[in-house]
Structures are given as structure tokens and as C-alpha cells.
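Here's a quick briefing for anyone opening this structure for the first time. Have a look at it, then read on for the main sights, grouped by topic.

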Amino acid sequence: MGSSEDISDHSTHKAMEPFGEKQGDVNPPPVYDGDMIGEISEREQHIYEHGVQKFNRLGWKRLTIVLIVEAIALGSLSIPSTFATLGMVAGIICTVGLGMIAIYTSYLVGQVKLKFPLVANYADAGKLMMGRFGYELVTFMLVLQLLFLTGSHTLTGTIAFQNITQSDVCSVVFAVVSAIILLLVAVPPSFAEVAILGYVDFASIILAIGITIIATGVESTNAPGGLAAVDWSAWPKPGTTFSDAFVALTNIVFAYSFAMCQFSFMDEMHTTKDYVKSIWALGIVEIVIYTVTGALVYAFVGSGVQSPALLSAGNLISRIAFGVALPVIFISGSINTVVLGRLVHGRIYKNSPIRFINSPMGWITWLIIITIATIIAFVIAEVIPFFDDLLSISSSLFISGFTFYFPALMWFLLLKEGKWTEPRNLALGAVNICVFLIGLVVLVAGTYSSVTDIMNNYKAGTVRGVFTCAKPE
């Protein structure tokens, strides 16, 4: 590893290459084949100035709401079944521990954004670390993960509609309806606009979780034997296989995936350094909600807790809870489509004012991109129509990188300052090596476990087939 000057110069040089603009400009003028803004038409300059205003309105409070909307959705619905697999002790330790690591790695992501203001998304950070290869690799991973996330919300919407209506309508129909709603909510391209819906989203998930906890608690209390008769355990349930345990663990990893979209969100902030307030607020809220939800629902329902957790509240209450949860299912899901759309649209029109999506051509291509993305997500939801494994495989393949080993690499390649012999660097180096190894373990063991579990489910016939009308698992 070279000196801090070598790292800084090398990183700055690499940072300038993909953008063609002066390093350090928070809102730099666009470049069109080497020509600066003064040489473009008055109309294009107006589009550019309007675009900057449109995409520079996010404060730390709104960022917190956007992060909450993106993060606290499907994750909270999968945690109780994770506790049932891992047991109460391991469930709490893993939920709190992974949450603290996620806060730390999110802090590292934000530091990279502060040091290299022109990094607009995770793919740009990949280019800083590994050049063009890193840019293409991270773009590929980010696109697939966002598609998986939107697919997960399509599947959850299907489950919700089937439980709410209790009808015999083919599940594929509900999947199509869910995909259409996700597409419509994703039409506004600015995160500041999405943040307005975030308040509805946050209230939705809190109410849905609250209804589930209260309903399961009341039902267990009134059941024969009361709460003492619930078969929850402090330890993993008997017969738990390695694949079962790791699928459960990766569901917790999935719940802390907010660092993935952080570059994109921070790119719209007017005071970028305030991001630290947002990630601490989000991290603490997530840890509390996940731990309380997982522990209480598992304690009230026992080993039979279902995933999504709302299914465990009984027939009537489950229908009510899913109805309340509809906003979070579709608002949170649409954010992933927006992030994906912004990534692809910005890449296509990188050196053009069309990237601001405030001209006819900008809107046409924006709508085409998010429509294609939604269709692909719908197909994913139908090909992997079971909730836990869909979350698990996306966590293993992609979130392991975005939340763990990529931020650790960022510290080594982009953020480390001073000599290795300094106590601070020795300590942080050890911490980041551990975080990096955690990411690799989740990548390898998690992917193996997810694929094994999917194959076992298909062989056992415990899940519906691809594009069939049976109820999703």
C-alpha cells in the first residue's frame, strides 16, 4: 500500500476520468463532448439549470425518510421466521450485530461520497476502486439486485392481494396488478418527490407491524395454556440444517441493505455532510423495529411463524394487516425501480441534458426504461415464487458486496490516510478485514444455501410452479 499522498492522487485522477469535470464541484456544469455549458444552446442551459434544481432538494430529514422507505419494508416481514430458525438468542445477536456493521459500512459509503463528490451511484464508486472493470461489475450487480428487490415486492403484492381478497383469481393476475402499481409509483424520477410518499410508507409499515404484534399477542394469550404454551426457543429449532440457518441469516442481511442506494440518494442532497444524521437515525430505528418485531412475533407465535410475518396474525387480522401494508409494499418497491432507472438513464445520457428527465425525450426514455425493468422484475417474481429464498439469494449474491466487502475495500483503497503503523489505521484495518470476510462468507455460503434450498423446495413439491395460479409461498 502506498502513502496517503499516492492514494489521494491516484483516486482523484481516477475520479476525474469517468466524469470529465473538475474534482470537488458539487454541482459541476455538464460536459458535451468537451464543450462547457457556455457553448451550449440557451434552451439546453435552461434544461440543465432546471434539472439541477430538481435533483438537489434532499435534506437529511428527507434522506432519512427515503432510506427508511427503501430499507424497512420486506426486511421487517422476514425477521420473525428468521428468529424461528435461529432461535431467540442467535436471532437477537445477529439482528443487532449486523445492524451495527451496516451502520458502519454506510458511514464508509458516505465518506467516499464526501471525498469524491462526483460519485453519483455505486457503479461510480466501483470505477474508483477497480477502473472500468469495477464500473461494469458493480453496474451489473446493482441492476440485478434492484430487479430482484422489485421482484420481491411484486411477489409480496401478490401474496397481499390473495390474502386480502381470499378469491380464486389466478396469482399471476395479482402479480401483473402488483407490477403495474409498482410501475406507476416509480414514474416520478426524483427522490425528493418520493420522500413525500415516504411518510405514508413509514406509517403503513409501523401500523402493519403493530397490528401483527398485537393480534398475535392477544391470540396467544387467549389460547389454551396462554403464552407459556408457545413453543418458542432460545436456541435453533431441532433439525435445522446449514442451508436453513444461512437462509435465515441472509434474510437479516437483506433487511440492512440500505447502503446499496446511498450514493444515489446522497447525490440529491443539498448538504451532503448531513448524511451521518440520517444513517444513525435509520440504523437505530431499523435495529429496534427488527429486534422487537422478530422477538415478539416469534414469542407469540412460536416455531410456526410464517413469512411474510403478516401471515401469522390469523385470517381476518392478516387481511387487515396486508391492507394497511399495501403502501409500503408498493412505495418501497418503486424506489428500487427509480434507482435502477436513474442508473441506466444517466448512463445513456451521461453528457446530455436529457439525463435530467425534464424534456420530452427524457420522459419517453425514462418510461421505457422503468417499464422494461418492471417486466423483468415480474418474471423474477414468477420464477422464484417463494419469499424467503428470493430474499436470500439476492442477499447472498449482491447485498453481501454492497453492504460488506465493497465498503471494506473502499476504506483500504480510497479512505485510508496516514501510515499503516498508526494505531488508528491498525484498528480500522482489522475491523475492515473482518467486515470484508463477513461479506465473502455471506456470498459463498449464502449462495450455496439459497440454491440448495430452492432445489429442495422444487424437488419436494412444496412450492408452486413457474407462472402457475397456485398461491405463492
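Are Trp-411 and Phe-412 buried or exposed? Both Trp-411 and Phe-412 are buried. Keep in mind as you read that this is a predicted model. The points below go through the core, the aromatic rings, the salt bridges, one helix and a couple of single residues.

**The nonpolar core**

- The largest nonpolar core has 105 residues, and the members that touch the most others are Tyr-122, Phe-402, Phe-406 and Met-410.
- Helix 6 gives this core its largest share, with 17 residues.
- Apart from that core there's another one, made of 6 residues, including Leu-183, Ala-186, Val-338 and Trp-366.
- If you click on Phe-402 and skip its neighbours within four places in sequence, you'll find it in contact with Tyr-122, Val-138, Met-141, Leu-142, Gln-145, Ala-259, Met-260 and Pro-407.
- As background, nonpolar side chains in soluble globular proteins tend to be buried together.

**Aromatic rings**

- There are 15 aromatic pairs in the structure.
- One of them is Tyr-122 with Phe-406, a tilted pair with 6.1 Å from centre to centre and 50° between the planes.
- Tyr-122 belongs to helix 6 and Phe-406 to helix 14 (residues 387–415), so this pair ties together parts of the chain that sit 284 residues apart in sequence.
- Both partners count as buried: Tyr-122 has 0% relative accessibility, and Phe-406 has 3%.
- Trp-411 and Phe-412, the two from the opening question, make an edge-to-face pair, with centres 5.1 Å apart and 80° between the planes.
- Ring pairs also join up into a cluster of Tyr-122, Phe-263, Phe-402, Tyr-405, Phe-406 and Phe-436.
- A charge meets a ring too: the charged end of Lys-127 sits over the ring of Tyr-135, 5.6 Å from its centre.

**Salt bridges**

- The count comes to 4 salt bridges.
- Lys-113 and Asp-267 pair up through their side chains, with N and O 2.7 Å apart.
- That pair links distant parts of the chain, since Lys-113 is in helix 5 (residues 88–115) while Asp-267 is in the loop between helix 10 (262–266) and helix 11 (275–301), 154 residues away.
- Its two ends are not alike in accessibility: Lys-113 counts as buried because its relative accessibility is 4%, whereas Asp-267, at 30%, counts as partly exposed.
- Glu-136 and Arg-347 also meet in a salt bridge, again listed at 2.7 Å from N to O.
- With Glu-136 in helix 6 (residues 122–165) and Arg-347 in helix 12 (residues 315–348), the bridge ties together parts 211 residues apart in sequence.
- Glu-136 is partly exposed, with a relative accessible area of 29%, and Arg-347 is partly exposed as well, at 33%.
- Arg-132 joins in here: Arg-132, Glu-136 and Arg-347 are linked in a network of salt bridges.
- Lys-277 and Asp-274 form another bridge, and their closest N and O atoms are 3.9 Å apart.
- In that bridge Lys-277 is partly exposed at 43%, but Asp-274 is buried at 18%, which is under the 20% cut-off.

**Helix 9**

- Helix 9 covers residues 242–255, and at 1.5 Å a residue its 14 residues should span 20 Å; the end C-alpha atoms are 20 Å apart, so the two values agree.
- Of those 14 residues, 10 are buried, so helix 9 is largely enclosed by the rest of the structure.
- Among the buried ones are Ser-243, Phe-246, Asn-251 and Phe-254.

**Two single residues to look up**

- Thr-105 is in helix 5, and its relative accessible area is 0%, so it counts as buried.
- Setting aside neighbours within four places in sequence, Thr-105 is in contact with Thr-403, Pro-407 and Val-435.
- Gln-166 isn't a glycine, yet it has a positive phi of about 50°.
- You'll find Gln-166 in the loop between helix 6 and helix 7 (171–185), where it is partly exposed with a relative accessible area of 42%.

How values were computed
Residues numbered from 1 in each chain as written. Predicted model: local features only at pLDDT ≥ 70, side-chain atom pairs only at ≥ 80, totals over all residues. Heavy atoms only, no water. Helix = DSSP H or I, 4+ residues; strand = E, 2+ residues; numbered from the N terminus. Buried < 20%, exposed > 50% of the residue type's maximum accessible area, 1.4 Å probe, protein only. Expected span 1.5 Å × (residues − 1). Contact = heavy atoms within 4.5 Å. Core = buried A, V, L, I, M, F, W, Y, C linked by side-chain atoms within 4.5 Å. Phe/Tyr/Trp six-rings, centres within 6.5 Å; stacked < 30°, edge-to-face > 60°. Lys NZ or Arg CZ within 6 Å of the ring centre and 35° of its normal.
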